[in-house]
Amino acid sequence: MFETTVAVVGTVLTEPRIRTTPGGERVVSFRLAGNSRRYDREAERWTDGDRLIVTVNCWRRVADGVLGVVGKATPLVVSGRLHTREFESAAGRRTSVEVEAAAVGLDLARGNRFPGSAERPAAERDAAATGPGTGRPDVAAARDG
């Protein structure tokens, strides 16, 4: 009832870590950083603003889905339940900001650095970017006649 649901857009900072609970459930965790950016008109360039770094915990089907797809530097959109976790360490009492992911998706607005994208032939990328239903001319079809 008092859960805070968030959507975080960011970049994965660490390689996903896999662990299994004593009950046999798989959990995949990684750190995600989201930076706000704004255009500085005087300097005529984009500058970084505030930064949010969270630990994302993926359980069950979400954990299975991120394995093999998510890695360090992957741009993601994560939605889920935001909470803080307190724990003791050698440095004393610590607090961690965490998101229990309900959904994890690739951020397609931030490039094509996704698994398998480097292997896609140029013709396949062109076909995906043009043609029927895209609103762009089908150059390959026009070339072929």
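These are my notes from looking around a predicted model.

**Ground rules.** The model is predicted, so I keep local features only at pLDDT of at least 70 and side-chain atom pairs only at pLDDT 80 or more, while totals for chains, interfaces and linings use all residues. Numbering starts from 1 along each chain as its sequence is written, and side-chain values use heavy atoms, with hydrogens and water left out.

**Hairpin.** I looked up β2 (residues 17-20) and β3 (residues 26-40), which run antiparallel and are joined by four bridges. Strands are DSSP runs of E, at least two residues, and helices are runs of H or I, at least four, numbered from the N terminus; a pair needs at least two DSSP bridges. R19 sits opposite V27 in β3. Five residues lie between the strands, and G24 has a positive phi near 90°.

**Core.** Next I pulled up the largest nonpolar core, which has 17 residues. Such a core is a set of buried Ala, Val, Leu, Ile, Met, Phe, Trp, Tyr and Cys residues joined through side-chain atoms within 4.5 Å; buried means under 20% relative accessible area (1.4 Å probe, protein chains only). F30, L32, V56, C58, L76 and V78 have the most contacts inside this core. The elements giving two or more residues to it are β1 (4-12), β3, β4 (45-59), α1 (60-66), β5 (75-89) and β6. Then I checked C58: not counting residues up to four places away in sequence, C58 touches (heavy atoms within 4.5 Å) R26, V27, V28, F30, A63, V66, A101 and V104.

**S96.** Is S96 buried or exposed? I find it buried, at 10% relative accessible area, in β6 (residues 92-106).

Note on methods. Buried < 20%, exposed > 50% of the residue type's maximum accessible area, 1.4 Å probe, protein only.
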